[in-house]
Structures are given as structure tokens and as C-alpha cells.
Amino acid sequence: MSVLEWYHARELPVQPVTPSRSSINVASTTYPTVSSVKELSSAPDTSLSIVTQPHITIKLLHEAKEAGISCVWMQPGSFDDESLQYAKKEFKAAVGGFEDNPGNGREGWCVLVDGDDAIFRAKEDKAGGKL
């Protein structure tokens, strides 16, 4: 299962960002893409799930910060020390690596492994007035 398929299966709103395709199909749904984070229509209300190589991730993080995105989730293999430190410093919420809680996967936090738990915790926090 891909990260996009994970979001699709949970009926979460999603906008793929890729410069190489105009759309991506998942099951019977076609998702139009944007070629850059800067093109997202509601960046301040968007969280970014990153699935790129580390040298691309740092560029995406700078674009995301400039666009007003407040939360990022860097998937295993998508970040290095520089991008993880930048994300932790510059965003309201940044998930990646093994900090705080290593997640359930062997490579740190991963939406495919830890995403359902994260949704559950976020709903609890929101209900308890923490978000």
C-alpha cells in the first residue's frame, strides 16, 4: 500500500504533489496533482506527508514553510539530520525519525504503520481540548 492509498482508504482529503504527473489513480478515484507545494489551494490548513529522497525533502520543507503549512510527516527514508532538525524547529508539528516515540516500524514513524494510532490520538486530543 502506498501513502496515497492509505489516505484514500481512510477517506481523508488528499492533494498529491508531484511535478511528473497531472493526476494519480487510486482504486476508482483520480486525484489531480499539483506540481509544487506552493500550488496547494489551502496550504495553512494542509499537512504535508513527505515521501521523497532527503536532498529533495529539505527543499520541500522550505517551500512548505514559505507556503504556510504548519505540520509535516516525513516518511522513513525521506529525511536526514538536516531536514529533521529544520522541520522540528520550523513547523508547529513535525513527525519523523525516532524522537519521542519510535513508532511501531523499524525505521521510525511511518503513516502506513503508525497513522491509525496518530488519528486516534489526534481525535482524543481534540476532544480533550489539547488541539
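Two strands pair if DSSP finds at least two bridges between them. Helices (H or I, at least four residues) and strands (E, at least two) are DSSP runs, numbered from the N terminus. In this predicted model, serine 23 stands opposite proline 32 in β2. Strands β1 (residues 23-26) and β2 (residues 29-32) run antiparallel and are joined by 4 bridges.

Residue numbers start from 1 along each chain as its sequence is written. The model is predicted, with local features needing pLDDT of at least 70, side-chain atom pairs counting only at pLDDT 80 or more, and totals for chains, interfaces and linings using all residues, while side-chain values use heavy atoms and leave out hydrogens and water.

**The chain as a whole**

The chain holds 4 helices and 5 strands, in the order α-β-β-β-α-β-α-β-α from the N terminus. Of its 131 residues, 35% are buried (under 20% relative accessible area; exposed is over 50% and partly exposed in between, with a 1.4 Å probe and protein chains only). Contact means heavy atoms within 4.5 Å; among contacts between residues at least 6 apart in sequence, 40% join residues at least 24 apart.

The mean pLDDT (the predictor's confidence in each residue, from 0 to 100) is 85 for the chain, and 85% of the residues score at least 70. Among the elements, helix α2 (residues 54-67) has the highest mean pLDDT, 95, and helix α4 (residues 111-127) the lowest, 78.

**Threonine 57**

Threonine 57 lies in helix α2. Its relative accessibility is 0%, so threonine 57 counts as buried. Leaving aside neighbours within four places in sequence, threonine 57 is in contact with Ile50, Thr52, Met74, Ser78 and Ser83. With threonine 52 there is also a side-chain to side-chain polar contact at 2.7 Å. A polar contact is a pair of N or O atoms within 3.5 Å; within protein, one must be able to donate a hydrogen and the other to accept it, and residues adjacent in sequence count only if both atoms are side-chain atoms.

**Positive phi values**

Most residues other than glycine have a negative phi. Glutamate 11 and alanine 27 are listed below with their phi values.

| Residue | Phi | Place | Relative accessible area |
|---|---|---|---|
| Glutamate 11 | near 55° | loop between α1 (3-9) and β1 | 75%, exposed |
| Alanine 27 | near 55° | loop between β1 and β2 | 71%, exposed |

Alanine 27 belongs to the hairpin of β1 and β2, which has 2 residues between the strands.
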